Structures are given as C-alpha cells and as structure tokens.
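Subject: Structure for your review

Dear colleague,

Please find below the structure that I am handing over to you. My notes on the helix packing and on the cysteines follow it.

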Amino acid sequence: SDATMALSSSQTRALAIIAKPFALLSMIGSALVFREIVTDSNKRQLTYHRILAVMSCVDFFASLWFFVGTWAVPAGAADVWAAAGSESSCTAQGFFLSLNIASPLYNISLAVYYLLVVR
C-alpha cells in the first residue's frame with residue numbers, strides 16, 4: 001500500500017495560496033531591517049548589524065521565491081495549482097531556495113558573535 005496521502009485539488013490550491021501573504025510579510029520585514037541598517041552609518045560599522053543585514057537580504061530573496069511558489073513550476077505539471085513557469089524557472093527557484101542555507105549559517109554567526117562579545 002502507498003504510505004503517502006494524495007492531496008485534493010482544493011488542498012493543493014490552499015497550500016499554494018496560504019504561503020503568499022506570509023512570504024510577503026517576510027519580504028517586507030526583511031527589507032525594513034535591511035533598510036534600517038544600511039541607512040544608518042553607525043549601524044553599518046558594527047559587525048552585528050552587518051551580519052544581520054546580509055541575513056535579511058538572504059531571507060528577502062528566499063521569501064520572494066516562496067511567494068513565487070507554484071508559479072515557477074512548469075505549466076501543465078500534474079497536480080500543481082497555478083503552475084505557469086518553465087523548466088528554467090523551476091530550476092532557478094530550486095537553486096535560489098537552496099541558497100537559503102546561508103540564513104541559519106548567519107544565525108549561527110550571530111550566536112557565536114554574541115558568545116564572544118558577552119565573554
């Protein structure tokens with residue numbers, strides 16, 4: 001027997017749509033953090049803020065691709081709601097989302113920075 005459960009078309013549509021507002025909010029938050037840092041010359045000088053700025057930039061682009069969601073999947077793909085892309089757009093989305101591994105690495109960098117500063 002098949003251990004996976006197939007989703008209904010309304011469930012796949014809901015999953016594709018529900019990510020968009022949260023991705024948009026994440027993009028806005030990341031952009032505001034980035035802007036706050038780059039427009040303040042004092043913050044630009046601090047290591048903490050530099051790490052946070054790059055992490056916000058990485059998060060912004062990851063959120064952008066989450067917002068794009070199923071639109072990047074090749075048109076006509078079976079069981080994918082609103083698939084309108086091409087193989088190239090799907091590959092690009094996968095590539096850029098894989099770069100999001102940088103976000104937890106920058107988060108670790110912030111934790112190590114705090115550890116070193118507190119000591």
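I begin with a contact between two helices: Ala62, Trp65, Phe66 and Val68 in H3 meet Ser89, Ala92, Gln93, Phe96 and Leu97 in H4. The residues of this contact comprise 7 nonpolar and 2 polar ones, with no charged residue. Please note that the model is predicted. Helix H3 covers residues 47-68 and helix H4 residues 87-98; they pack at an angle of about 145 degrees, and their axes lie 9 Å apart. The crossing of H3 and H4 is left-handed.

H3 also packs against helix H1, which spans residues 9-38. The angle between H1 and H3 is about 155 degrees, with the axes 8 Å apart. Because angles over 145 degrees count as roughly antiparallel, H1 is roughly antiparallel to H3. This pair, too, has a left-handed crossing. On the H1 side, the contact is made by Lys20, Ala23, Leu24, Ser26, Met27, Ser30, Ala31, Val33, Phe34 and Ile37. On the H3 side, the residues include His49, Leu52, Ala53, Ser56, Cys57, Asp59 and Phe60, as well as Ser63, Leu64, Phe66, Phe67 and Val68. Sorted by class, the contact of H1 with H3 holds 15 nonpolar, 5 polar and 2 charged residues.

The third partner of H3 in these notes is helix H5, residues 102-118. The axes of H3 and H5 come within 9 Å and cross at roughly 165 degrees, so H3 is roughly antiparallel to H5. H3 passes H5 in a left-handed crossing. From H3, Thr47, Tyr48, Ile51, Leu52, Val54, Met55, Val58 and Asp59 take part in the contact. They meet Ala102, Ser103, Tyr106, Asn107, Ser109, Leu110, Tyr113 and Tyr114 in H5. The contact of H3 with H5 divides into 11 nonpolar, 4 polar and 1 charged residues.

Some residues of H3 recur in these lists. Phe66 and Val68 appear in the contact with H4 and in the contact with H1. Leu52 and Asp59 meet residues of H1 and are also listed in the contact with H5.

Finally, I turn to the cysteines. The structure holds 0 disulfides. Cysteine 57, which belongs to the H3 side of the contact with H1, has a relative accessibility of 30% and therefore counts as partly exposed. Cysteine 90 likewise counts as partly exposed, because its relative accessibility is 31%.

Yours sincerely

Terms used: Residues are numbered from 1 along each chain as its sequence is written. This is a predicted model: local features need pLDDT of at least 70, side-chain atom pairs count only at pLDDT 80 or more; totals for chains, interfaces and linings use all residues. Side-chain values use heavy atoms; hydrogens and water are left out. Axes are lines fitted to C-alpha atoms, for helices over the stretch in contact, and angles run from 0 to 180 degrees between N-to-C directions. Helices (H or I, at least four residues) and strands (E, at least two) are DSSP runs, numbered from the N terminus. A crossing is left-handed if the near helix is turned anticlockwise from the far one by less than a right angle, and right-handed if clockwise. Contact means heavy atoms within 4.5 Å. Ala, Val, Leu, Ile, Met, Phe, Trp, Tyr, Cys and Pro count as nonpolar, Asp, Glu, Lys and Arg as charged, and the others, Gly among them, as polar. Angles under 35 degrees count as roughly parallel, over 145 as roughly antiparallel, 65 to 115 as roughly perpendicular and the rest as oblique. A disulfide is a pair of cysteine sulfur atoms within 2.5 Å. Buried means under 20% relative accessible area, exposed over 50%, partly exposed in between (1.4 Å probe, protein chains only).
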